[in-house]
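Visitor: I should like to learn how an interface between two parts of a chain is read. May we work through an example together?

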Amino acid sequence: MRRIRAAAIGAVTLSLALAASACGGGSSTDGGGSNDSPKTLTYWASNQGASITVDKKVLKPELDKFEKQTGIRVKLEVIPWSELLNRILTATTSGQGPDVLNIGNTWSASLQASGALLPWDTKNFGSIGGKDRFVDSALGSTGAQGEDPAAVPLYSMAYALYYNKKMFADAGISKPPATWDELVADGKKLSKDGKWGLGAEGANLSENIHQVFVFAKQHGADFFTADGKPDFTSEGAVTAIKQYVDLMAKDKIIAPGNAEYAQNQSLSDFAKGKTAMVLWQTASATLASLGMKDDEWGVAPAPVRSGTPGSGTSVNSMVAGINLAVFKNTDNHDGALKFVKFMTSDAEQKILNKAYGSIPPVKAAQSDPAFNTKATAALRETLAKSAAALPQVADESQFETSVGTAVKELLADAAGGRPVTTESVKAKLEKAQQQMPAK
């Protein structure tokens, strides 16, 4: 998801969205909605760049290009990640939403279950050049298995370990850590004189989920059973979350203040030399905007427990990314499909993903040399070999809220000097599981 940012999911719950169906009006099309307003589109974009201003500078020229080609004017609103999911859920219940919108790919199945989004069946995919133009790993996070996707991949990302070269050299560390034991050992060498080994976004619920999902995979655990039921309290899940929180609580390589971070402050700390390492999605463009030079940082695959990244217990990232969706009740159905075709065209995929430092989910666009640089090579390799999709289940959004909050509270305990034990972790997860919808 994110950017690379994680959504703070609040007052509006998905259960409201599931209880409502999107309403359409006007002269309907085969796929729902109408073509009553053929000359305009409303587009909700997610905040991918260092600021909303940066996003507007990236997107406005492309939207002007689209208008010149089609005669359709696009009304753009860039929405912060802290607001985006709530805005979308409100729109699914009210029927008053945009025509086209960005969604975090982990939300695809949840929003699909609301019935508010246009399904991407064979006909709709055909209108944008076909489903086979897209990378399989990106398509795997577009909705529940066995159903037509709820959205189309737009930007692909993966987690990697970014490290400060000078801080490593000053500490006598010759290479980035490949395992968690190595990361902890290096982090302890680096955590001194007011500086810290690793950064984290402890108050960012979805960021917490992204991290502990990988730890759980590495311990052979999933947070949902094969039939979609929550399973938060397995031994592997408890161990995984304790291992993550212990980076602050026991190993003391994450600053206690990071427990309150939720707006990318850890990346800012990294760029300023206050933190030596950070686990992040496609950070290169943001680091440049924060004033960090390319030769000041390195990037490596995120750590595993042992060996090298791969599948199964060697997964080291979730499949991160942004999908592009169309509200079923759009009043410019044909224009919305034209816009998705434009945004996922080979040319636009190169332009947009270069601007954001992400990877095109469109196969042909990946051939551009810009996506074979130091900044992107590790991400491409991770997406191809060692990334796994978060559960594509209808309750995924509630999972991000309940378990993400549990991790936030545990990190707050660690920051406050309160003990974090196996028992306390399990108790938090039991509470989180009780908050999930009954099956």
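Guide: Certainly; please bear in mind that this is a predicted model. The size of an interface is often given as the accessible area lost when the parts come together. Here, domain 1 and domain 2 bury about 2,000 Å² between them, with 57% of it on carbon and sulfur atoms.

Visitor: Which residues of domain 1 lose the most area to domain 2?

Guide: They are Thr106, Lys374 and Leu379, which together account for 27% of what the domain 1 side buries.

Visitor: Where do the two domains run along the chain?

Guide: According to the domain assignment, domain 1 comprises 38-156 + 319-383, and domain 2 comprises 158-316 + 389-433. Their C-alpha centres lie 27 Å apart.

Visitor: How many residues of each domain are in contact with the other?

Guide: On the side of domain 1 there are 28 residues, in contact with 25 residues of domain 2.

Visitor: How many salt bridges and how many polar contacts should I count between the domains?

Guide: The count of salt bridges between domain 1 and domain 2 is zero. Polar contacts are a separate tally: seven residue pairs across the two domains are in polar contact, both residues being at pLDDT 80 or more.

Visitor: Which helices supply the side of domain 1 that touches domain 2?

Guide: Helix 3 (81-94), helix 4 (108-114), helix 14 (346-356) and helix 15 (374-385) each supply at least two residues of that side. The largest share, six residues, comes from helix 15. By residue class, the domain 1 side divides into 14 nonpolar, 13 polar and one charged.

Visitor: Let us turn to single residues. Is Thr92 buried or exposed?

Guide: A residue counts as buried when its relative accessible area is under 20%. Thr92 has a relative accessibility of 3%, so Thr92 is classed as buried. This residue lies in helix 3, and a polar atom of the Thr92 side chain is 2.7 Å from the backbone oxygen of Leu89.

Visitor: Why does Gln281 count as buried?

Guide: Gln281 counts as buried because its relative accessible area is 0%, which falls under the 20% cut-off. Gln281 belongs to strand 7 (residues 275-281).

Visitor: With which side chain does the side chain of Gln281 make a polar contact?

Guide: The partner is the side chain of His210, at 3.5 Å. For Thr92, by contrast, the partner atom named above is a backbone oxygen, that of Leu89.

Conventions:
Residues numbered from 1 in each chain as written. Predicted model: local features only at pLDDT ≥ 70, side-chain atom pairs only at ≥ 80, totals over all residues. Heavy atoms only, no water. Domains from an automatic or database assignment. Contact = heavy atoms within 4.5 Å. Buried area = accessible area lost by both parts, 1.4 Å probe. Salt bridge = Lys/Arg side-chain N within 4 Å of Asp/Glu carboxyl O. Polar contact = N/O pair within 3.5 Å; in protein donor to acceptor, adjacent residues only side chain to side chain. Helix = DSSP H or I, 4+ residues; strand = E, 2+ residues; numbered from the N terminus. Nonpolar A, V, L, I, M, F, W, Y, C, P; charged D, E, K, R; others polar. Buried < 20%, exposed > 50% of the residue type's maximum accessible area, 1.4 Å probe, protein only.
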